[in-house]
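User: Please examine the helix packing and the nonpolar core of the model shown here.

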Amino acid sequence: MAITILLVDDHAVVRDGLRALIEHNADLQVIGDAANGRQAVTEVQRLKPDVVVMDIAMPELDGVESTRHILERFPQTRVLILSMYLSAEHIHRALQAGARGYVLKDSAGKEVVDAIRAINAGRRYLSQHITETVIDDYLREDSSVSPLESLSLRERDVLQLVVQGRTNAAIAQSLSLSPKTVETYRARIMKKLNVRDTVDLVKFAMRNGLIT
């Protein structure tokens with residue numbers, strides 16, 4: 001039986017290229033795609049793919065937070081991050097969210113296919129460009145805990161939209177909340193992260209790989 005795959009990237013040309021690459025293999029089948037992280041969660045629920053190939057930098061909900069949402073609801077799903085970012089924070093966040101693999105876009109091609117097969121079989125797969133030293137740094141048990149870990153999933157959703165420049169009204173509409181509730185979430189997030197205003201919040205987001 002073929003491994004079923006959902007492609008998630010905000011660029012249609014990337015999704016089309018990945019589809020063409022993957023479908024050259026008889027044991028792999030692309031059953032859908034999504035243009036942002038929030039849509040990805042919906043499509044996983046609808047299609048139940050074996051593997052999700054996920055970009056990180058996307059509107060609405062980034063790939064890391066989308067991964068967290070997907071695995072909380074569908075823990076049997078395997079997520080492969082396909083990203084242009086090699087920074088420690090991006091990789092650390094992806095692995096902590098539960099991604100089973102991380103491949104760099106500039107080393108894609110056959111490596112993506114190998115990674116899909118590996119994580120579907122229950123193994124972890126990290127791009128060959130990520131050295132063992134870097135991996136050890138991300139995964140060592142005594143590594144410091146990110147302040148983001150103190151936030152709930154809903155607080156992460158609100159934070160993601162705040163740092164994208166959305167107003168309280170726009171965030172409320174996107175998340176089906178009231179503007180008053182969004183305001184409460186913003187205040188709670190700032191208190192937990194020990195920041196004073198939106199400018200500091202954006203700086204925090206940049207330092208921690210939420211935006212680039």
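Analyst: Helix α3 (residues 63-73) and helix α4 (residues 88-97) pack with their axes 8 Å apart, at an angle of about 10°. The model is predicted: local features need pLDDT of at least 70, side-chain atom pairs count only at pLDDT 80 or more, and totals for chains, interfaces and linings use all residues. Residues are numbered from 1 along each chain as its sequence is written, and side-chain values use heavy atoms, without hydrogens and water.

User: Are α3 and α4 roughly parallel or roughly antiparallel to each other?

Analyst: Angles run from 0 to 180 degrees between N-to-C directions, and those under 35 degrees count as roughly parallel, those over 145 as roughly antiparallel. The angle here is about 10°. The two helices, α3 and α4, are therefore roughly parallel.

User: Is arginine 68 buried or exposed?

Analyst: Arginine 68 lies in helix α3. Its contacts (heavy atoms within 4.5 Å), leaving aside neighbours within four places in sequence, are Arg93, Gln96, Ala97, Glu149, Leu153 and Arg156. Buried means under 20% relative accessible area, exposed over 50%. Because its relative accessible area is 15%, arginine 68 is buried.

User: Which element supplies the largest share of the largest nonpolar core?

Analyst: A nonpolar core is a set of buried Ala, Val, Leu, Ile, Met, Phe, Trp, Tyr and Cys residues joined through side-chain atoms within 4.5 Å. Of the 26 residues in the largest one, Val8, Val52, Met54, Ile70, Val79, Ile81 and Tyr102 touch the most other members. Elements supplying at least two residues each include β1 (3-8), α3 and α4. The largest share, 4 residues, comes from α4.

Definitions and conventions. Angles under 35 degrees count as roughly parallel, over 145 as roughly antiparallel, 65 to 115 as roughly perpendicular and the rest as oblique. Buried means under 20% relative accessible area, exposed over 50%, partly exposed in between (1.4 Å probe, protein chains only).
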